[in-house]
Amino acid sequence: MKEDTEQAELLNAFFASVLTAKAGPQLEVREEAWRKDDLPLVEEDQVRDHLSKLNTFKFMGPKGIHPQVLRKLVDVTAEPLYIIFGRSWRTREVCKDWRKAKVTSVFKKGKKEDPGNYRPVSLTSIPGKVTEHLILDTIIKHVEKKKVIRSSQHGFTKGKSCLTSLIAFYDGMTGWVDEERPVDVVYLDCSKAFDTVSHNILLGKLRKCGLNECTLRWIENRLNGRTQRVVISGTESSWRPVTSGVPRGQYWAQSCLTSSSTTWMTS
């Protein structure tokens, strides 16, 4: 038990050490942010649809609400959750429980004694995740309407994958080679990409994309005040503040990153 506690504290300290020091994004409040036309709407059918599609094999969040329970009791839980989600989105208030994460560590490779060889995976509130899916629906509709994401972007994009990216890359490369044109290829891999995302930059880019202020404020409040603790064999570490980055595995966050990324291949 003591060994598990020490390991959990060690891993949590390492995961927190890669975060940037400052978290608090300060968004400029604009008058048009509070117009009724801008307020996003949540329909009960949307909530019901998301609850009925919950993956029952996913782990529980910090409060121990299993997705299987919410899915099986969808006829009972859909209406109250619809009210909670709608109010949260309209008022930009995010439940404290939705900001807490139980972190499980996934061993990658190398020496098991090195904390750097473990990847943190955040287990967050299931109701909070459903809200994030509703937020994602809005972001996707917006970026598709405004054509924010380039056709060259394949990561975290609906209908695309690593395979489609490789096919497009191979097609472009072979075409230029056949034309006997010189080709330069640059490969980049950002270390701790999800953990070191600046909230200020992320929110600033989403604003430039024209995302409505109500959703921007919700995302800001979702990112601020986050805490995490590592769990090993049921033994929990102490809580630590999360001052940067986005929750790994959260689809809305991945969509946010996708909307402000691009791919280059030049000749």
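Let's start with the empty spaces inside this predicted model. The structure holds two cavities of 30 Å³ or more. The largest cavity takes up about 180 Å³. It has 21 lining residues, and those closest to its centre are Ser122, Asp195, Arg226, Gln228 and Val242. If you want to find this cavity on screen, look for three strands: E1 (100-107), E2 (118-123) and E3 (226-232) each supply at least two residues of its lining. What sort of residues make up that lining: nonpolar, polar or charged? The lining of the largest cavity is a mix, with nine nonpolar, six polar and six charged residues.

Now for the second largest cavity, which holds about 40 Å³ of space. Its lining consists of Phe14, Phe15, Val18, Pro120, Lys192 and Asp195. Sorted by class, four residues of this lining are nonpolar, two are charged and none is polar. Did you spot a familiar name? Asp195 lines the second largest cavity, and Asp195 is also among the residues closest to the centre of the largest one.

Let's step back and take in the whole chain. How many helices and strands does it have? There are nine helices and five strands. If you walk along the sequence, you meet them in the pattern α-α-α-α-β-β-α-α-α-α-β-β-β-α. The chain has 267 residues, and 37% of them count as buried.

Next, the side chains and how they meet, beginning with the rings. The model has three aromatic pairs. Rings also turn up together with charges here. The charged end of Lys100 sits over the ring of Trp239, at 5.6 Å from the ring's centre. Lys112 does something similar with Phe107: its charged end sits over that ring, 5.6 Å from the centre.

Opposite charges meet too, and the structure holds eight salt bridges. Take Glu44 and Arg48 as one of them: their closest N and O atoms are 3.1 Å apart. Why are these two well placed along the helix? Both belong to helix H2 (residues 44-52), and because they are four residues apart there, about one helical turn separates them. Are these residues buried or exposed? Neither, quite: Glu44 is partly exposed, with a relative accessible area of 26%, and Arg48 is partly exposed as well, at 27%.

Arg48 has another partner. The side chains of Asp75 and Arg48 meet in a salt bridge, with 3.1 Å from N to O. Asp75 lies in helix H4 (residues 74-91) while Arg48 lies in helix H2, so this pair ties together parts that are 27 residues apart in sequence. Asp75 counts as exposed, at 66% relative accessibility.

One more salt bridge to look at joins Arg181 and Glu179, whose closest N and O atoms are 3.1 Å apart. Arg181 counts as partly exposed, with a relative accessibility of 37%, whereas Glu179 counts as exposed at 52%. Going back to the earlier trio, salt bridges with shared partners join Glu44, Arg48 and Asp75 into one network.

Finally, let's turn to the backbone. Most residues other than glycine have a negative phi. Which residues go the other way in this chain? Glu180 is one of them, with a positive phi near 60 degrees. You'll find Glu180 in the loop between helix H6 (162-178) and helix H7 (199-208). Glu180 is also exposed, with a relative accessible area of 72%.

Ser233 is another non-glycine residue with a positive phi, in this case about 50 degrees. Its place is the loop between E3 and strand E4 (235-236). Ser233 counts as exposed too, at 68% relative accessibility. You have met E3 before: this strand supplies at least two residues to the lining of the largest cavity.

Terms used:
Residues numbered from 1 in each chain as written. Predicted model: local features only at pLDDT ≥ 70, side-chain atom pairs only at ≥ 80, totals over all residues. Heavy atoms only, no water. 1 Å grid on protein atoms, 1.4 Å probe; cavity = no way out; pocket = protein on both sides within 12 Å on 5 of 7 lines; lining within 4 Å. Points joined across faces, edges and corners; volume = space filled by probe spheres on them. Nonpolar A, V, L, I, M, F, W, Y, C, P; charged D, E, K, R; others polar. Phe/Tyr/Trp six-rings, centres within 6.5 Å; stacked < 30°, edge-to-face > 60°. Lys NZ or Arg CZ within 6 Å of the ring centre and 35° of its normal. Salt bridge = Lys/Arg side-chain N within 4 Å of Asp/Glu carboxyl O. Buried < 20%, exposed > 50% of the residue type's maximum accessible area, 1.4 Å probe, protein only.
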